[in-house]
Amino acid sequence: MNFINGLTSRHDRARIVRIPILPLHMVNAYLVIGLDGCILIDAGLPGSEHKIGQALFRENRSWKDIKLIIITHAHVDHAGSAAKIRELSGAPILAHQADAKHYSRESPMTFCPTGWFGRLFIKTPLMFEPYIGFEPNILLGEQTHINLDCYGVDGVVKHTPGHTAGSISIELASRQAFVGDLVASGILLGGIIKTHRAIRPPFEDDPHRVAHELTRILETGAQTFYLGHGHQLQAQEVKRHVLNLLRLPEKN
């Protein structure tokens, strides 16, 4: 488990705790621990509540310390345990309305592979593993952003489509951003070599929209990007990745 301190302007100190859902940074969830409680960013695969509970225990926290669950998008490795964690913690789930039918299991996800790994990965049962459907308590949609001050964290949640229609990101005043699967790093989902080199995730709806959203986040002054898959990236590496995305053909 990784742990990084981040100073915030309105709250004394927020701590970022990475929760490894799978080894080698292949799948990450995060706790952002403020003075008045925690925000959980992503819920991992089905059954991940056990690892998240262990992470809380190591931080001398309990389920009741979670004040908000943010799900960055509706893929199973991010939303799989959300319903169970809501039941355990009593915390509301925040997500975007464009992915709402996927969260409720009313409509299956679609996948746009970005390369050979995505085409291979989509043939495995993992991405189609069922999870308990749920309706988010807080839907980002008509609102352009949601402020996290009332949950003890100095930051905002914003809609950042491109990976999926309902992808969202969390931007902290401490110049740290949690961007879900807008970008990944390493080889084979976080893995073995080039662990601090930006790559496209296995699936991506619209690379040019992703480039637009990453550029906007960079323009806010974000310095460190925390990912659903892989080690965190610094701003300069994300800028390099954006330029590579913009060289790809635009979607018709």
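Visitor: In strand E6, what is the bridge partner of Ile69?
Guide: That's Ile93. E6 covers residues 93-96 and pairs with E5 in the parallel sense over 2 bridges. By the way, this is a predicted model, where local features need pLDDT of at least 70, side-chain atom pairs count only at pLDDT 80 or more, and totals for chains, interfaces and linings use all residues. Residues are numbered from 1 along each chain as its sequence is written, and side-chain values use heavy atoms, leaving out hydrogens and water.

Visitor: What makes E5 and E6 strands that pair?
Guide: Strands are DSSP runs (E, at least two residues; helices are H or I, at least four), numbered from the N terminus. Two of them pair if DSSP finds at least two bridges between them. E5 and E6 have 2 bridges, so they meet that rule.

Visitor: Why is E5 called largely enclosed?
Guide: Buried means under 20% relative accessible area (exposed is over 50%, partly exposed in between; 1.4 Å probe, protein chains only). In E5, residues 66-70, 4 of the 5 residues are buried, so the rest of the structure largely encloses the strand.

Visitor: How do you know that the span of helix H7 agrees with what is expected?
Guide: The expected span is 1.5 Å times one less than the number of residues. For the 12 residues of H7 (235-246) that gives 16 Å, and the end C-alpha atoms are 17 Å apart, so it agrees.

Visitor: Which residues of H7 are buried?
Guide: Ala235, Glu237, Val238, His241, Val242 and Leu245. They sit on the same side of H7, because their arc (directions from the helix axis to the C-beta atoms) is only 155°.
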